[in-house]
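User: Got a model open here and want a quick tour. Can you walk me through it?
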Amino acid sequence: MSSNELKNIIDDLDKGSFDSVASATLFALKDDCSFPDVYQITIALYGIVDSVHLQRVKRGIIAEPSQQALALRALASFLPFWLGRSVYAARMINTLTSRWPIIREWLLFLGTEYVYKESIDKSMRILAKRAIVDFLGICRHDMLGDSLPVVLSSPGIVSLLFSLWDLETKDRHFSSCVHDDNVLGPLPIIRTPAILDSWMCTFSETESWNWHEIMGPFNNDGAMIAVTALDHLEHDLAQHPIDYDLLIWDIHLLTSLSVNSTIRIPLLMQHSMQKTAGVIATMVSQRAHCNKQRHLVAKTISFACWYIRAYVEDTDGLPWISEVLEAGLLPSLLAIEPWVRHLKDNNDEDWEPLWLLLSNIFPKYAIFRSVLKVMGRSIKAINAVKAVDRPKPDGPMHKHWSTLESLVMTRLDLLETDDVDEAHVDSCQSSKCNKSGAAGTFKRCAGCLHVHYCSRECQIYDWKQGGHQTYCRGIQARRAKGIMSRISTRDLRFLDRIIASDLSYHNERIAKTAAIHAPGPAVVEIDYTRIPLCIGIGSTEKFPVPDTCKCDKLMQQKWDTMVELARNSKTPGQKLLIRAFIPCGSAPKVKLQLIPVKRIIPGYDPSQDHDPAEASDTFDHLYSCAGISFTIVDHSYPVETLRLMNKEMDALTIEGKEDTTDPAQSA
């Protein structure tokens with residue numbers, strides 16, 4: 001094109017021509033278009049989104065800002081190419097940042113006066129929305145670099161984009177997936193989740209989260225953000241054909257938003273685990289060798305595994321572990337192997353979450369009857385179908401799947417054992433009593449649902465003198481916020497059976513070590529939070545008071561009580577102190593037991609044991625941390641997670657101090 005043609009295009013832009021914007025865009029996108037010509041077009045387009053034109057629109061001199069909206073979209077179409085060329089990037093960035101204050105005014109004006117005004121023609125509203133999103137698509141770290149904070153720190157901009165993201169779910173006409181021929185200009189250049197995901201990555205890298213702006217459009221309600229995020233995921237998964245990039249952005253945005261517990265907990269409560277498991281099921285249902293976008297399918301699977309791995313152990317883990325297993329995740333994970341080799345960079349870290357789920361996280365939770373039943377049912381169904389592809393012996397999944405399968409099949413034998421003759425014990429938690437009795441004979445605290453008392457007097461004493469008020473209110477506060485759930489009685493009974501089985505398996509080793517420390521009590525510590533489990537045997541000196549969270553000393557008090565009971569026992573024979581660490585995500589639990597050593601030594605015959613099972617020197621207690629601990633994702637977002645969690649901990653502590661509830665209401 002000649003210089004005269006370029007001059008004519010710029011002259012037409014000054015006259016307010018819509019067509020001239022398209023001509024300028026096509027000119028700038030030509031392969032042989034020089035940088036001086038592109039820069040001249042850039043200045044001309046910025047010239048029609050200046051303060052003068054903004055005032056003309058506000059005064060009604062310009063009927064509607066269609067040309068300005070098209071100009072913003074035009075800039076978004078060709079600037080990325082020149083921003084990616086180091087020779088010209090600095091000049092283009094300086095030009096953008098110098099004009100950013102008025103551009104920001106235009107973006108906010110288009111949002112408030114056009115996108116959200118239902119009296120405006122729908123096609124103009126959609127055009128305004130596309131102009132905002134497309135221009136902000138330039139404002140990413142890979143394009144603006146160190147100048148991006150100028151945009152992200154501008155009041156109203158982050159909120160504006162999050163509000164448009166929300167609008168896409170409330171009115172699908174505004175979705176970038178919907179094409180409307182009545183709207184001027186090309187199809188959307190970039191998707192809203194892509195920009196938000198990029199910004200959230202920038203926030204995480206710089207630890208400068210702008211939660212006020214992020215949550216502002218949702219009235220600071222994390223549940224509303226969760227609804228929008230999951231609506232996007234479900235909508236995009238249902239599209240034909242599937243846009244895999246869009247799914248990747250959706251899932252990564254879920255993961256980033258979840259660093260904030262006020263968003264994460266509602267996401268979990270709204271079944272984000274189940275829905276992410278559904279993404280994996282949909283992806284693996286395709287044939288890897290037939291899908292030309294298999295690298296994107298593999299990346300989608302990998303990102304979904306990352307989200308599940310990061311948060312499936314959140315709160316106390318058990319509800320979300322059960323949810324993904326009930327959603328059929330195990331067969332889906334088994335079907336991932338053909339996709340593993342299709343990620344472009346072939347980075348082992350991409351599949352680390354998958355290996356951890358199979359060989360560490362799921363095996364740990366097989367200690368719970370409710371989880372074991374579902375896993376056992378899934379594995380048996382898989383093994384019964386000959387057409388199911390098993391992991392190849394030399395493949396990457398074989399050892400991880402084998403770890404899970406062997407442990408589950410071993411535990412299933414315990415599940416099928418008749419437990420009619422098993423004796424379960426509850427202990428009074430009052431420090432002045434500590435009496436034990438057959439399970440079901442004591443009353444359980446209705447507040448925390450963890451501890452038992454033999455009488456109202458013991459309950460009131462423990463509330464006022466034993467520290468139970470702080471513990472109980474801490475537990476209730478966490479449960480009210482969705483941070484904790486209760487373990488069912490059947491799961492607790494099965495846990496007793498597993499502990500007894502493991503004590504029996506190691507009985508010779510325990511007996512030998514106990515004999516060395518006789519007549520003093522021996523200690524067995526079992527860590528079920530590790531695979532394979534770790535078991536330690538020794539004396540109270542070798543295994544002193546266990547470290548739990550610093551905010552609560554109740555665990556140490558209970559341990560000291562057990563030690564005193566063992567040392568001052570009124571029944572003959574050496575005593576065994578047992579503490580078992582239970583996998584419960586970020587709500588750690590410890591099972592404490594005190595029994596006679598003779599009950600686990602080889603050759604023990606319970607029919608010849610004349611000591612009562614519920615003697616005064618037996619003890620049983622499930623301790624749950626009443627404070628705030630942290631999740632697996634803290635390694636990715638340490639500073640922000642600590643800040644948010646400490647803030648929440650302060651709120652719970654204040655709530656506990658202010659409580660004056662009558663302890664009688666707790667029993």
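**Quick tour**

Analyst: Sure. Of the 667 residues in the protein chain, 54% are buried. Keep in mind that this is a predicted model.

User: How many helices and strands in the protein chain?

Analyst: The chain has 28 helices and nine strands.

User: And what share of the contacts is long-range, say 24 or more positions apart?

Analyst: Counting contacts with a separation of 6 or more, 75% join residues 24 or more positions apart.

User: What's the accessible surface of the chain?

Analyst: About 29,300 Å². Carbon and sulfur atoms account for 51% of that.

User: Switching to the sheet. What's the strand order in the open one with five strands?

Analyst: The order is β6-β5-β7-β8-β9, and the pairing is mixed.

User: Which strands stand at the edges?

Analyst: β6 (534–539) and β9 (619–624). Each has a single partner strand, so one side of each has no neighbour in the sheet.

User: How much twist from one strand to the next?

Analyst: It averages 15 degrees.

User: Back to β6. In which sense does it pair with β5, and over how many bridges?

Analyst: Antiparallel, over six bridges, with β5 covering residues 522–527. One residue pair to look at: Asp 527 has Cys 534 of β6 as its bridge partner.

User: What does helix α26 lie across?

Analyst: Helix α26 (residues 507–517) lies across β5, β6 and β7 (575–582). Its direction is at about 25 degrees to β6.

User: New topic, helix packing. At what angle do α21 and α22 pack?

Analyst: About 115 degrees, with the axes 9 Å apart. Helix α21 is residues 369–384 and helix α22 is residues 398–415.

User: Is that crossing left-handed or right-handed?

Analyst: The crossing of α21 and α22 is left-handed.

User: Which residues make the contact?

Analyst: From α21, they include Arg 369, Leu 372, Met 375, Gly 376 and Ile 379. From α22, they include Trp 401, Leu 404, Glu 405, Val 408 and Met 409. By class, the contact has ten nonpolar, two polar and five charged residues.

User: One more. Where is Asp 350?

Analyst: In the loop between α19 (329–334) and α20 (352–364).

User: Buried or exposed, that Asp 350?

Analyst: Buried. Its relative accessible area is 18%, and the cut-off for buried is under 20%.

User: And how far is Asp 350 from Cys 305?

Analyst: They are 9.1 Å apart in space, C-alpha to C-alpha. In sequence, 45 residues separate them.

Key: Residues are numbered from 1 along each chain as its sequence is written. This is a predicted model: local features need pLDDT of at least 70, side-chain atom pairs count only at pLDDT 80 or more; totals for chains, interfaces and linings use all residues. Side-chain values use heavy atoms; hydrogens and water are left out. Axes are lines fitted to C-alpha atoms, for helices over the stretch in contact, and angles run from 0 to 180 degrees between N-to-C directions. Helices (H or I, at least four residues) and strands (E, at least two) are DSSP runs, numbered from the N terminus. A crossing is left-handed if the near helix is turned anticlockwise from the far one by less than a right angle, and right-handed if clockwise. Contact means heavy atoms within 4.5 Å. Ala, Val, Leu, Ile, Met, Phe, Trp, Tyr, Cys and Pro count as nonpolar, Asp, Glu, Lys and Arg as charged, and the others, Gly among them, as polar. Buried means under 20% relative accessible area, exposed over 50%, partly exposed in between (1.4 Å probe, protein chains only). Two strands pair if DSSP finds at least two bridges between them. Accessible areas come from the Shrake-Rupley method with a 1.4 Å probe; for residues, only the protein chains shown count as cover.
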